[in-house]
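Reader: I like to look closely at one strand before I turn to the rest of a model. Could you take me through one pairing here and then build outwards?

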Amino acid sequence: LVHFQVQLLQTASNPYSSHAQQREDRPFNFSHGSVGNFFFTGARIFFNSLPSAITMWSFISGIASETAVLPVVNINRSLTIGCTLNDAALTTIIGQNEISHPGRAVNKNSDEAFPNNAQIDTVFYVNEYNQTVQPALNPDIHARLAASSRVVYGMGSLFTSIVPCLIVGGMGERIAACRGEKLLLLNGYPDRETASFTAADFVHAIVKACCSNESQAFLDRMNAMTGRARVNQFVNIIVAPNNTSIPVDEAWAASMGLQIIWVASVDAGNGRVLFRDDALVDVLFAG
């Protein structure tokens, strides 16, 4: 509600702003939105601080005090993502919602496949003027990754949830420097962004994202490695729910030095397979 009111106030106070004009022909249906997202966004606007919004949300939602919730990018201005499709025209799409739920007729609550004729190729950040930008990595991430014994990717939308965290300059190099396990939690079924993806495609997308905005010296080191060694810098374990509809080529995984851990799952209906909560927790906290 706070987010909704702020958007109305911003539009009413300056009907000629780019913020207002961008929304003029793109009405947002709040009935399908997440109350948590609305609250969190409203808190950030109210406090004018992302860390403060995280602190408040962590307290209200009961997140354990020893759990650190850190934004990959800590800035206080408008920032969104765009992508290019792997088609002849290199079609560009701007906006997270437009990427994950393209087309006006798409039902946000459905799980229909990605309707474009081409898959997503690259993801990038843009500012409020739709200019491509490269935000700086939150310095707090450096120490946390250096001290971590395990990196876990997912679960979630590959190109609008996971990849945006990996394309920030410096993130890939710091993940590669972590000596512990690097687990990819494979989804139990494809979404619009990954309609025809295999487990190998997920892995390659993560490796590509981690190498997308790094220093030339780091890229030279990665390019000098074999494909297997390069993959293992970022992923060395695939955690997959039993009966996932995403193809997993175990022979390919073995050739890449990737361990596969199969986890008990539940059938959520309509072709959706989910990790069984207790079984996944056992895997994540093993050792």
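In β6, which residue is the bridge partner of Val151?

Author: Happy to! The partner of Val151 on β6 is Lys182. A quick word on the basis: this is a predicted model, with local features needing pLDDT of at least 70 and side-chain atom pairs pLDDT 80 or more, while totals for chains, interfaces and linings use all residues. Residues are numbered from 1 along each chain as its sequence is written, and side-chain values use heavy atoms, leaving out hydrogens and water.

Let's stay with β6, a strand covering residues 181-185. Helices and strands here are DSSP runs numbered from the N terminus (H or I, at least four residues; E, at least two). On one side, β6 is joined by four bridges to β5, residues 150-153, and these two strands run parallel; two strands count as paired if DSSP finds at least two bridges between them. The link from Val151 to Lys182 belongs to this picture. β6 also pairs with β7, residues 237-241, again in the parallel sense, this time over three bridges. There you will find Leu184 standing opposite Ile238. As for cover, four of the five residues of β6 are buried (under 20% relative accessible area; over 50% is exposed, in between partly exposed; 1.4 Å probe, protein chains only).

Follow the chain onwards from β6 and you reach the loop that leads to α9 (199-210), where Phe197 sits. The rings are worth a look here. There are five aromatic pairs by the rule used, which takes Phe, Tyr and Trp (its six-membered ring) with centres within 6.5 Å and calls planes under 30 degrees apart stacked, over 60 edge-to-face and the rest tilted. One of the five is formed by Phe46 and Phe47, an edge-to-face pair with 5.2 Å from centre to centre and 85° between the planes. Another edge-to-face pair brings Phe159 and Phe197 together, at 5.8 Å centre to centre and 80° between the planes. This one links distant parts of the chain: Phe159 belongs to helix α7 (residues 158-166), and Phe197 to the loop between β6 and α9, 38 residues apart. Both of these residues, Phe159 and Phe197, are buried. With Phe202 added, Phe159 and Phe197 make up one aromatic cluster. Helix α7 also holds Thr160, which counts as buried because its relative accessible area is 12%.

Back to Phe46 and Phe47, which sit in another setting. Phe46 is exposed because its relative accessible area is 66%, while Phe47, located in helix α3, counts as partly exposed because its value is 37%. The two belong to a nonpolar surface patch together with Phe39, Met56, Phe59 and Ile60, and the accessible area of this group comes to about 660 Å². Helices α3 (35-47) and α4 (50-61) each supply at least two of the patch residues.

For a contrast with the parallel pairings of β6, try the open sheet of four strands, which has the order β2-β1-β3-β4 and antiparallel pairing. Its edge strands are β2 (92-94) and β4 (132-133), each pairing on one side only. Strand β1, residues 79-85, runs antiparallel to β2 and is joined to it by three bridges. If you want a residue to click on, choose Thr84, whose bridge partner in β2 is Thr92.

Methods
Patches are made of residues with over 30% relative accessible area and no salt bridge: like charges are joined within 9 Å, nonpolar side chains (Val, Leu, Ile, Met, Phe, Trp, Tyr) within 5 Å. Accessible areas come from the Shrake-Rupley method with a 1.4 Å probe; for residues, only the protein chains shown count as cover. A salt bridge is a side-chain nitrogen of Lys or Arg within 4 Å of a carboxyl oxygen of Asp or Glu.
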